[in-house]
Amino acid sequence: MDEKEKLPMGIEDFEEMRTMGYYYVDKTGMIRTLLEHPGKVTLFTRPRRFGKTLNMSMLKYFFEIGTSRALFDGLEVSRATGLCDKYLGKFPVISVSLKNAEGDTFHKAKQKIRSIIGNEAARFSFLQDSGRLSETQRRQYEKMIELNGAGEFAMSDGLLEDSLLILSRFLHMHYGQKAVILIDEYDVPLDCAYQSGYYDAMAGFIRSLFGQAFKTNSSLYFAILTGCLRISKESIFTGLNNFKVYTVKEVRYKEFFGFTDAEVRQMLEYYGCTGQYNAIKEWYDGYLFGDTGIYCPWDVINYCGDLRDESVSEPQNYWLNTSSNNIIRKFIERADATTRDEIGRLISGGSIQKKIRQELTYKDIDSNPDNLWSVLFTTGYLTQCKTDDGRMTNLAIPNREIQWIFEEQIQEWFAAETRKDTKKLEHFCRAFEENDTCTIEKEFTSYLRKTISIRDNQVQNGMKENFYHGILLGLFAGMDGWNIKSNAESGEGYSDISVKVEEKEIGIIIECKYAQRADLDKSCKEALRQINDRHYEEALLDDGMKVIRKYAIACYKKRCKVASGG
């Protein structure tokens, strides 16, 4: 393998990226834009895994006193020599990430924040000996970094609420230069508080912390915050008059979070992976920030890394294990028949129009089910598929990866719902053992009517078949005595579903087909021919099954037909 720069999988520190031989997609143009359009307090909202933390690290290293100019050599911002002369390495910077400020109680979450801010304050230990601070101020600083007997930061609640204000004031006094404050993932503690039932207490604390630091702070040069949601100004940012928010709908800063198509092509060419361009586009592209198409950088980097290691060949769902998908499950659970039809339209590659509220409180999410559309949009599960007129937004699922997450959540919800009626479910499953195609067809149709259908439009047939395949697997999952395999190698191919009922020596083979133009009979015939021509029964016979049941199940939206071949 040629010696190439390392792929930065999980690397979020700008200095490490630049000095340890990692591939860096240049986003330093953001610094120039930021300085040319200044604001006292600026919030950027983007979904998780779109490079917010790395960009905040980049800003820290650019502005912080003591930064080497060489760190930015060759990057876009270095060509703006006047800006670099004036701003690079000229400011004290307070940089705090709240992404780990979680806890199942308010006390635990606040202790996490105390630790985060305490560790940041400890970076400035020179303040203990600063001749520009009074003795009282030095003692106050020492209380910010003081540890208790358990080795935890011991600053009082009152000092914690004032901590960002006090620390910026002391740094201003020491350096004679106002401070830059960077807060990454500011809304994580609010999200956790909402999920755990102490939202009001956390909102009050964050309101006080930010109000002190951003509203009446004469030692603040400017502040930048990032997060997923734009929490309403009245809830958290009360009284901030010079407050700018840039969401995914804004054109300014559109290309600085995530990868553009040109950046992806350049990366793939560098690593010799251009043959995977179409797959990467299908799986990880599809977001529209402002008027620019954007890929999820986390996915692109991880897939390229796995391709280089030869650990995978096909695209993987990297998003699935990096964030909670509870919001989709909650959405599906609350959906009425109309909303489920809209979800089906989205999964099928269509779009819907909704009014998006980009400024919410977490309480708003529960007060109106329609607000969940806004949350799905701001967290990256949906995207705008074209620019809107400011009133209604055209929403779509961005790519194959997110479509897969929707399908999995639907199947998990559906399986949980159907298991509530165990008698009906067992009757359905036993029909497969007894070759009772009438019962199978009747009951499966009944189940399909209760779930979300796949429309006959843009989604490829294989993906539609996988959806129904997944529904069947969910229904079978609770059957005692059934050994179930999905896409198991058998004979001359891979059967969709094979089941061994070992106690009864019954083997079951199921092949699912999506019926184009609703021709259910034709699809059943094709499925049975495939089972027989590829000898799918061989593996079951080899395992000692004496009776083999062969089923073709053809589906079209919420209809199905079942045919038996034995």
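**Close-up 1. Crossing of helices α13 and α17 in the predicted model.** In this predicted model, helix α13 passes helix α17 in a right-handed crossing. The axes of α13 (residues 326-334) and α17 (residues 400-418) come within 9 Å and cross at roughly 55 degrees, and the two helices are therefore oblique to each other, since this angle falls neither under 35 degrees, where helices would count as roughly parallel, nor within the range of 65 to 115 that counts as roughly perpendicular. On the side of α13 the contact is made by Ile 328, Arg 329, Ile 332 and Glu 333, and on the side of α17 by Ile 405, Phe 406, Gln 409, Ile 410, Glu 412, Trp 413 and Ala 416. Sorted by class, the contact of α13 with α17 comprises seven nonpolar, one polar and three charged residues.

**Close-up 2. The open parallel sheet β2-β3-β4-β1-β6 and helix α9.** Five strands, in the order β2-β3-β4-β1-β6, form an open sheet in which the pairing is parallel. The edges are taken by β2 (93-97) and β6 (243-246), each of which has a single partner strand, so that one side of each is left without a neighbour in the sheet. From one strand to the next, the twist averages 10 degrees. Within the sheet, strand β1 (residues 41-45) runs parallel to strand β4 (residues 220-227) and is joined to β4 by five bridges, with Phe 44 standing opposite Thr 226 in β4. Helix α9 (residues 199-214) lies across β1, β3 (179-184) and β4, and the direction of α9 is at about 145 degrees to β4.

**Close-up 3. The open mixed sheet β13-β14-β15-β16-β17 with helices α18 and α19.** A further open sheet of five strands has the order β13-β14-β15-β16-β17, and its pairing is mixed. Here β13 (482-490) and β17 (559-564) stand at the edges, and because each has a single partner strand, one side of each is left without a neighbour in the sheet. Neighbouring strands of this sheet are turned against each other by 25 degrees on average, direction ignored. Strand β16 (residues 547-556) pairs with β17 in the antiparallel sense over six bridges, and Ile 553 stands opposite Val 562 in β17. Helix α18 packs on the sheet, where α18 touches β13, β14 (493-501), β15 and β16, and the direction of α18 makes about 125 degrees with that of β16. Helix α19 also packs on the sheet, touching β16 and β17, with a direction that makes about 160 degrees with that of β17.

**Close-up 4. Asn 435 in the loop between α18 and α19.** Asn 435 lies in the loop that runs between α18 (422-433) and α19 (437-450), the helices that pack on the mixed sheet. The phi of Asn 435 is near 60 degrees, a positive value in a residue other than glycine. Asn 435 has a relative accessible area of 28% and is therefore partly exposed, as this value lies between the limits of 20% for buried and 50% for exposed residues.

**Close-up 5. Arg 517 in the loop between β15 and α21.** Arg 517 is found in the loop between β15 (506-514) and α21 (520-533), β15 being one of the strands of the mixed sheet. Although Arg 517 is not a glycine, its phi is positive, at about 55 degrees. With a relative accessibility of 69%, Arg 517 counts as exposed, because the cut-off for this class is over 50%.

Notes. Residues numbered from 1 in each chain as written. Predicted model: local features only at pLDDT ≥ 70, side-chain atom pairs only at ≥ 80, totals over all residues. Heavy atoms only, no water. Helix = DSSP H or I, 4+ residues; strand = E, 2+ residues; numbered from the N terminus. Buried < 20%, exposed > 50% of the residue type's maximum accessible area, 1.4 Å probe, protein only. Pairing = 2+ DSSP bridges. Axes fitted to C-alpha atoms, helices over the stretch in contact; angles between N-to-C directions. Contact = heavy atoms within 4.5 Å. Parallel < 35°, antiparallel > 145°, perpendicular 65-115°, else oblique. Left-handed = near helix turned anticlockwise from the far one by under 90°. Nonpolar A, V, L, I, M, F, W, Y, C, P; charged D, E, K, R; others polar.
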